[in-house]
Amino acid sequence: MAKNFIDAEEYPATTDIQNRCVSIIGNLFNVPEQSDGGEPVGVSTVGSSEAIMLAVLAMKRRWQNRRKAEGKDWSRPNLVMSSAVQVCWEKATRYFEIEEHWVNVTEERYVLDPQKAVDLVDENTIGICVILGLTYTGHYEDVKKVDELLRKKNEEQGLHCVIHVDAASGG
């Protein structure tokens, strides 16, 4: 596309293209119907760093709004991620004042350990970052296993932690 798609006022048709793409991706991944009958929510970005920043901010705001509504402390959010994340994840946590909970990769395991990641989740966890296509090795982390373990923990402990799949290099 030979247009500046970020300037929606100058090129309003790009908003329609964006919305169609979000809808297609939502359908492709079986996003449940919205309670208000609306379409899946999403936005196009110029690059993966902007996408990460928006995803982290959205996770933080979702967590804060829920905590405020429950009358609970909302001052100490944290994010679980592997030590192999792209540097923008660290920037996002620092810019948005989010505590980093690290799952270190090792010489034996180059990817996030699903059990260790879920073990770090607590009531202040806004999400877990799972990567498809690590910057350093190209490896895919086990999204399915993280999801399985996290669903169980969320149900057992009444948590609302989510997963963000970073597929910038492999998606």
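Tutor: Helices here are DSSP runs of H or I with at least four residues, strands are runs of E with at least two, and both are numbered from the N terminus. The model is predicted, with local features needing pLDDT of at least 70 and side-chain atom pairs counting only at pLDDT 80 or more, whereas totals for chains, interfaces and linings use all residues. Residues are numbered from 1 along each chain as its sequence is written, and side-chain values use heavy atoms, with hydrogens and water left out.

Student: What makes the enclosed space beside α2 count as a cavity, and which residues line the largest cavity?

Tutor: On a 1 Å grid over the protein atoms alone, a cavity is a set of points where a 1.4 Å probe fits but cannot get out, and lining residues have an atom within 4 Å of a point. By this rule there is one cavity of 30 Å³ or more, and the largest has a volume of about 30 Å³, taken as the space filled by probe spheres set on grid points joined across faces, edges and corners. Its lining consists of Met59, Arg62, Trp63, Arg66, Thr125, Ile126, His160 and Val162. The elements giving two or more residues to that lining are α2 and β3, and α2 gives the most, with four.

Student: Why is Arg67, in helix α2 (residues 48–69), called buried?

Tutor: Buried means under 20% relative accessible area, exposed means over 50%, and partly exposed lies in between, with a 1.4 Å probe and protein chains only. Arg67 has 5%, and is therefore buried. Leaving aside residues up to four places away in sequence, Arg67 touches Lys72, Asp73, Trp74, Glu123 and Asn124, where contact means heavy atoms within 4.5 Å.

Student: Why is Gly138 called partly exposed, and where is Gly138 found?

Tutor: The relative accessibility of Gly138 is 37%, so Gly138 counts as partly exposed. Gly138 is found in the loop between β3 (125–131) and α5 (143–157), and its C-alpha atom is separated by 7.4 Å from that of Ser169, 31 residues apart along the chain.

Student: How do you know how many disulfides the model has?

Tutor: A disulfide is a pair of cysteine sulfur atoms within 2.5 Å, and by this rule the count comes to zero. Cys88 is in no disulfide, as the nearest cysteine sulfur, that of Cys129, is 10 Å away.

Student: What makes Cys88 buried and Cys21 partly exposed?

Tutor: Cys88 has a relative accessible area of 4%, and is therefore buried. Cys21 has a relative accessible area of 39%, so Cys21 is called partly exposed.

Conventions:
1 Å grid on protein atoms, 1.4 Å probe; cavity = no way out; pocket = protein on both sides within 12 Å on 5 of 7 lines; lining within 4 Å.
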